[in-house]
Amino acid sequence: MNKRFFLPILVIVALGLLLAGGCSDVETELKTPKYKTGLAEKELSNAAIGKAFPQQYKSYQQNDESTVMTVYKGSVPFNKNDNVDNLPEGYKYAQPYLKNLWLGYPFMYEYREARGHTHAVEDFTHIDRINRYAEKGGLPATCWNCKTPKMMEWVAKDGDNFWSKDVNEFRGQLDSRDHTIGCANCHNPTDMSLRLYSVPLKDWLKRSGQDESKLTRNEMRSLVCAQCHVEYYFTNPTQGPAAKPVFPWDNGFNPEDMYQYYKTHGKDNAPFADWVHPISKTPMIKMQHPEYETWRDGPHGAAGVSCADCHMPYQKGEDKKKMSSHWWTSPLKDPELHACRQCHADKSADYLKERVLYTQKKTFDQLLIAEETSVKAHEAVHQADAYTGAKAANFDKLMAEAREMIRKGQLFWDYVSAENSVGFHNPAKALDTLASSIQFSQRAVDLACQATNFGISPLFVQDIKTLVPPIVKMSRKLQQDPAYLQSHPWLKVLPVFPAADLMWDGQKKIATP
């Protein structure tokens with residue numbers, strides 16, 4: 001063969017082999033490196049494990065950062081419904097109607113942008129969703145599940161009896177810093193192999209016929225995140241151990257799959273509900289941050305890109321060796337977007353950032369529309385209930401269907417709202433889910449109007465913000481003030497709490513009952 005033809009062919013073959021080798025790492029049948037740490041398997045201390053891996057621990061400590069914002073999110077703990085005040089209390093890209101939509105449920109008291117994982121215990125023990133004005137917190141111990149590796153110790157001791165204990169019972173049993181989400185949640189301290197500590201995730205793997213020991217490295221690099229960044233609910237005691245967390249994935253991972261699942265997982269196989277909304281009298285479901293469910297069939301998840309590839313990108317440690325970053329945060333906080341450009345090397349950081357923001361803006365705009373339509377649906381049913389004029393002959397049937405559409409519309413909205421990528425993990429699913437939410441909620445409005453022979457229809461020609469203003473401020477302390485509850489038409493339906501002083505400050509009891 002002529003040499004001038006042979007050399008280019010050789011280069012092409014070599015490049016092909018290199019590319020094949022690079023792509024094989026996405027498939028990743030590679031084994032996670034194992035070490036002999038000398039640590040006990042039951043070691044839970046972040047500092048103790050950090051001594052064995054000081055560079056990774058130093059990287060992990062970057063999760064302390066709580067000042068850097070991206071355009072739509074960040075680690076500043078602003079109130080996510082407050083677009084009136086400036087940072088750090090509120091932010092322009094807030095969702096004004098959150099307290100309205102969660103009226104009657106603890107989320108109406110406080111819902112902030114999350115700080116880094118190192119703050120998880122500290123922030124959890126101060127949040128107003130837990131009743132800090134009484135001996136008992138009013139929530140189950142299950143709420144600790146994604147806050148600390150101490151979960152392994154507590155469940156080993158109490159078994160399924162742990163879940164239904166009162167959340168406040170476990171204050172003071174851990175160090176806010178050393179036992180916050182960290183090393184032991186993802187690694188076996190003896191050899192640093194990836195492991196799953198989450199009971200609900202292990203339960204789901206078993207239900208779906210998967211053997212944890214046979215999962216690939218790449219699957220584990222996402223499933224360790226899926227221990228917490230998922231939708232879940234607390235088991236009704238007629239269906240299993242009281243308040244045990246369950247991932248509702250038996251029908252699939254999409255909002256319609258979960259909606260169907262929840263039809264039969266309440267008391268005695270009735271529809272499941274977290275609470276009943278006091279305005280529309282609708283049994284509601286509160287969705288929780290379904291990042292894993294959204295990502296898995298999005299562009300990156302479907303292509304085999306793991307959570308760790310983007311949120312724990314490789315970097316060089318102080319010893320110049322490759323290591324994974326343990327600062328679990330948005331790739332957008334890096335001006336050079338190194339995590340993204342590991343794969344998109346032909347694109348500039350500015351170009352990639354603009355593509356992310358393009359998706360997020362489209363999603364956020366539709367999110368606000370879906371949110372307002374859901375509020376309109378609650379108010380339409382409320383107005384129809386109070387209507388004294390002539391009603392349709394099938395009034396009760398129409399109202400029952402309207403409430404079902406409220407329930408479904410809000411679940412679909414919350415699937416996107418609670419998910420932390422503002423649509424980026426799966427742009428097509430996010431926009432499709434919000435479009436469906438708007439349709440369901442508008443159907444509820446139409447049915448309520450039809451139930452009153454369209455007697456309430458003129459009310460819903462106006463902007464919903466005029467009829468039902470956003471509730472900007474609400475807290476457990478404010479619910480002790482009868483005058484404050486008269487300040488908004490929706491707050492009037494809430495009971496007045498008896499006057500009480502703060503009993504808990506973090507993990508410390510500062511008053512007696």
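C307 is buried, with a relative accessible area of 14%, and it takes part in no disulfide, the nearest cysteine sulfur being that of C225 at 4.4 Å. The model is a predicted one, and the points below concern its cysteines and its salt bridges. Across the whole structure a search returns 1 disulfide and 30 salt bridges.

**The disulfide and the unpaired cysteines**

- The disulfide connects C146 with C228, with an S to S distance of 2.3 Å, and the value of -100 degrees about the S-S bond makes this link left-handed.
- C146 belongs to the loop between α5 and α6 (150–158), while C228 belongs to the loop between α9 (217–226) and β1 (233–234), so the bond ties together parts that are 82 residues apart in sequence.
- Both ends of this link are buried, since C146 has a relative accessibility of 16% and C228 likewise has a relative accessibility of 16%.
- For C340, the closest cysteine sulfur is that of C310, and the separation of 6.5 Å is too far for a bond; a pair counts as a disulfide when the sulfur atoms lie within 2.5 Å, a cut-off that the 4.4 Å between the sulfurs of C307 and C225 does not meet either.

**A buried salt bridge and its network**

- K80 and E113 form a salt bridge in which the closest N and O atoms are 3.6 Å apart, and both of these residues are buried.
- K80 is placed in the loop between α3 (54–60) and α4 (98–101), and E113 in the loop between α4 and α5 (120–126), so that this pair ties together parts separated by 33 residues in sequence.
- K73 joins K80 and E113 in one network, which is built from salt bridges that share partners.

**Salt bridges with accessible partners**

- K465 and E372 meet through their side chains in a salt bridge with an N to O distance of 3.2 Å, and the pair links distant parts of the chain, 93 residues apart, with K465 in helix α18 (residues 464–467) and E372 in helix α15 (residues 349–386).
- Each partner of that bridge is partly exposed, K465 having a relative accessible area of 37% and E372 a relative accessibility of 25%.
- K347 forms a salt bridge with D346, the closest N and O atoms lying 2.8 Å apart; here K347 is partly exposed, with a relative accessible area of 29%, whereas D346 is exposed, with a relative accessible area of 61%.

Key:
Residues numbered from 1 in each chain as written. Predicted model: local features only at pLDDT ≥ 70, side-chain atom pairs only at ≥ 80, totals over all residues. Heavy atoms only, no water. Salt bridge = Lys/Arg side-chain N within 4 Å of Asp/Glu carboxyl O. Helix = DSSP H or I, 4+ residues; strand = E, 2+ residues; numbered from the N terminus. Buried < 20%, exposed > 50% of the residue type's maximum accessible area, 1.4 Å probe, protein only.
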